[in-house]
Amino acid sequence: MKSQQLPTDLVKTVQNALAEDIGSGDITAHLIAAETQAKAQVISREQAILCGTAWFEEVFKQLDSQVQITWHVQDGETVKPDQLLCELTGAARTLLTGERTALNFLQLLSGTATEVQGYVKTISGTGTRLLDTRKTLPCLRRAQKYAVRCGGGTNHRMGLYDAFLIKENHILAAGSITNAVAAARHQAAHLPVEVEVETLEQLREALQASADSLLLDNFSLPQLRQAVALVQGQIKLEASGGVTLESIRAIAQTGIDFISVGAITK
């Protein structure tokens, strides 16, 4: 697969994870003599999309730079049950101390990438793209969004700071969709403005207000088709709300541009 850019917070994320697990020291690992060397292997137990190798490596790098890791697969590749993923050589204490944190990253991110690919394959050929959401594990958002890309999905906004997403409560507080979009343009004209709409009437108002994209919340299939016909490609449309692996292809076949699914990072 195409190489994906690693998150800038990777090192700090691993530091925090190790501090959480090790605390004042791994008392059980210290039962082993410091000079004892060991070898280890990581083997898959089921088919998956591998993801998280950089986090895995960083764990051992921070514990002991002398640990040697040899990978036989890379992020984004499909692994089969009982496949050898990597081999490690180093101090037994280090391997024992770091194994759980390293595997936690590898399992979580591979799980995310694998879930994503299942959805992506289901809508293959429709032209619709799968989006992630902000429904990520706290402090692991960048890591999970990296995993989404490894699985073939597309990242939505990273947080509350890099794009506007005007939802029901924002609209109520602002007085109308028109007011909310105007306020967003005034605050940060360079950032994209997406508006969540629940009816075709709201969709028309958002179009008139010149939003950049629309999130169609819990629209039925007939309503999605109406929305696509009404917009006629003027702006991008995103469907969201209760999307499952069983329902996503029918949604994609309405001609929608994007479908966002919170479940892929939960």
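**View 1. Cys86, a buried cysteine without a partner.** In this predicted model, Cys86 has a relative accessible area of 0%, so Cys86 is buried. A disulfide is a covalent bond between the sulfur atoms of two cysteines. Cys86 takes part in no such bond. The nearest cysteine sulfur belongs to Cys51 and is 14 Å away. The structure as a whole holds 0 disulfides.

**View 2. Cys150 and Cys51, a pair of cysteines without a bond.** Why do Cys150 and Cys51 form no bond? The closest cysteine sulfur to that of Cys150 is in Cys51, at 3.9 Å, and this is too far for a bond. A disulfide needs the two sulfur atoms within 2.5 Å. Is Cys150 buried or exposed? Cys150 counts as buried, because its relative accessibility is 7%.

**View 3. The open sheet E1-E5-E3.** This sheet has 3 strands, and their pairing is antiparallel. The strand order is E1-E5-E3. Which strands sit at the edges? They are E1 (37-43) and E3 (68-71), and each pairs on one side only. From one strand to the next, the twist averages 15°. Look next at the pair E3 and E5. Strand E5 covers residues 84-91. E3 and E5 are joined by 4 bridges in the antiparallel sense. Ile69 stands opposite Leu88 of E5.

**View 4. Two helices across the sheet.** Helix H2 spans residues 53-63. H2 lies across E1, E3 and E5, and runs at about 165° to E3. Helix H3 spans residues 92-122. H3 also lies across E1, E3 and E5. The angle between H3 and E5 is about 150°.

**View 5. The annotated N-terminal span.** An unreviewed UniProt entry marks residues 26-110 with the annotation "domain: Quinolinate phosphoribosyl transferase N-terminal". How much of this span is helix, and how much is strand? Helix makes up 35% and strand 27%. The C-alpha atoms at the two ends of residues 26-110 lie 26 Å apart.

**View 6. Strand E9, covered on both faces.** Strand E9 runs over residues 213-217. How many of its residues are buried? The count is 5 of 5. One side of E9 carries Ser213, Leu215 and Asp217. The other side carries Leu214 and Leu216. Both faces are covered, and these residues are all buried.

**View 7. E9 and its parallel partners.** Strand E8 (residues 193-197) pairs with E9 in the parallel sense, over 4 bridges. Glu194 stands opposite Ser213 of E9. Strand E10 (residues 236-240) also runs parallel to E9, and 5 bridges join the two. Here Leu215 has Glu238 of E10 as its bridge partner.

**View 8. Two right-handed crossovers.** Follow the chain through E8, helix H7 and E9. Helix H7 covers residues 200-208. Together, E8, H7 and E9 make a right-handed β-α-β unit. From E9, the chain crosses through helix H8 (residues 221-231) to E10. This β-α-β crossover is right-handed.

**View 9. The whole protein, for orientation.** The protein has 9 helices and 11 strands. Its C-alpha atoms fill a box of roughly 70 × 40 × 25 Å along the principal axes. Of its 266 residues, 45% are buried. Now take the contacts between residues at least 6 apart in sequence. Among these, 67% join residues at least 24 apart.

Methods. Residues are numbered from 1 along each chain as its sequence is written. This is a predicted model: local features need pLDDT of at least 70, side-chain atom pairs count only at pLDDT 80 or more; totals for chains, interfaces and linings use all residues. Side-chain values use heavy atoms; hydrogens and water are left out. UniProt positions are given in the numbering used here, feature names are shortened, and annotations may be inferred rather than shown by experiment. Two strands pair if DSSP finds at least two bridges between them. Axes are lines fitted to C-alpha atoms, for helices over the stretch in contact, and angles run from 0 to 180 degrees between N-to-C directions. Contact means heavy atoms within 4.5 Å. Buried means under 20% relative accessible area, exposed over 50%, partly exposed in between (1.4 Å probe, protein chains only). A crossover is right-handed if, with the strands pointing away from the viewer, the path from the first strand over the helix to the second runs clockwise.
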